[in-house]
Amino acid sequence: MYHFLIARLTHHRTLQFSVLFRNVFSSSFSVEKHHKGDTFTVSNLVNSCELSPETALKLLNRLKPKNPNAPNAVIQLLRNYGFSDSQLCIYVKKHPFVLLCKIEKTLLPKLDFLRSIGVSNTDLPKILIRNTYFLTSSLEKSIIPRYEVIRSFVRNDKEVVSTLKRGTWGTHNAWIVNDAVQNIEVLRKLGVLQGSISLLVSNFPNVAFARHSRFVKAVNSVKEMGFDPLMSYFVLAVQVIAKMNKENWESKIKIFERWGWSRDMCLLAFQKQPHCMMLSEKKIMKTMNFLMNDVGLPPQDIVGSPAVLFRNLEKTLIPRCTVIKILKSTGLIKSGLRISTFICITEKTFLGRYVTPFRKDLPLLLDAYKGQNSD
């Protein structure tokens, strides 16, 4: 009888919960289907946001009867600050109790602070989805102190916003900030320029805010490889090494060794383009197969210009190499042309340098280029 009554009570509460939320959370969070004065309902909250019945029931239990429309206002507020339907679904699923927050006291101060440092309505949802509990953290005790730390690392608020967009860090974890301060201090003692520090923090914040011991290990490894701290490639190499364990590093070395590279050649390519070691095996194999087997480049030429490994095979490498092959075969350009001179340039520059000047002699050259590009 006890279990029967509990089951009936739970069923009753679930029905009550279903009725309570019917109008606001349609499958698309449609603005047209709810108004500020509607009773907050959730008939589709579980389905559209994939919340569990238990979470939904907790929301019901914590909803104050005297203000059942408060979640409507939260939803509209988030819409006003740039949230789309899909972003609302993602955010509410990750942090459902934001619907119960007080707007004036809890939400608006943080939203206005973000806006004051230059966060746009486009970027704001991305930042909050990555840092779910930002809006429920203390502005004075947590958010502003963290902002001030980040601001001390970079050159302006624009770079702070970039850091927030790319980073995932808990506002309650003091060790994250403490380690970051020590990490940046290590770089400054080595003479790393402010531009390079800003580059690391604003583009790779999860490395800048990594555990201090792990960060120092990466810095020492990069120093041993011969990188100059005065060059921006130093911090780019640090972020690569910090993300890779020894097994991953050795795995990438072996992939390049299949194409005739020595370990010294791998290191040289890494020094020129640190991110080449972050490329997937599939990308490396496809590109190397084309460059060495189809184009006929020796390993040394690719090592000397590792940036070509990042280019899209179908959209850049194949069509441009096709044009160069035609020009060489007709004697219109010299045969000893380095691959970086026609691959590592913009589309406009390539057309102006290798296509347009030769259209009178080779009227079908542009068609050949576009045909390969579309293929």
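## A tour of the aromatic pairs and a surface patch

Begin by selecting F342, F350, Y354 and Y369, which together make up one aromatic cluster. The model on display is a predicted one.

Next, widen the view to the complete chain. Its secondary structure consists of 22 helices and zero strands. The chain has 375 residues, and 45% of them count as buried. Where residues at least 6 apart in sequence are in contact, 69% of these contacts join residues at least 24 apart.

Return now to the aromatic side chains. Across the whole structure, a search finds nine aromatic pairs. For closer inspection, select F153 and F209: their ring centres are 6.1 Å apart and the planes meet at 65°, so this pair is classed as edge-to-face. F153 belongs to helix α8 (residues 139–153), whereas F209 sits in the loop between α12 (205–208) and α13; the pair therefore ties together parts that are 56 residues apart in sequence. Both F153 and F209 are buried.

Then display the molecular surface. The accessible surface of the chain amounts to about 19400 Å², with 54% of this belonging to carbon and sulfur atoms. Select L193, L230, M231 and Y233 to highlight a nonpolar surface patch, whose members together have about 380 Å² of accessible area.

Finally, centre the view on L230, one of the residues of that patch. L230 is located in the loop between α13 (212–224) and α14 (233–243). Is L230 buried or partly exposed? Its relative accessible area is 47%, so L230 counts as partly exposed.

Notes: Residues numbered from 1 in each chain as written. Predicted model: local features only at pLDDT ≥ 70, side-chain atom pairs only at ≥ 80, totals over all residues. Heavy atoms only, no water. Helix = DSSP H or I, 4+ residues; strand = E, 2+ residues; numbered from the N terminus. Buried < 20%, exposed > 50% of the residue type's maximum accessible area, 1.4 Å probe, protein only. Contact = heavy atoms within 4.5 Å. Areas by Shrake-Rupley, 256 points an atom, 1.4 Å probe, with all protein chains shown as cover. Patch = residues over 30% accessible without salt bridge, like charges linked within 9 Å, V, L, I, M, F, W, Y side chains within 5 Å. Salt bridge = Lys/Arg side-chain N within 4 Å of Asp/Glu carboxyl O. Phe/Tyr/Trp six-rings, centres within 6.5 Å; stacked < 30°, edge-to-face > 60°.
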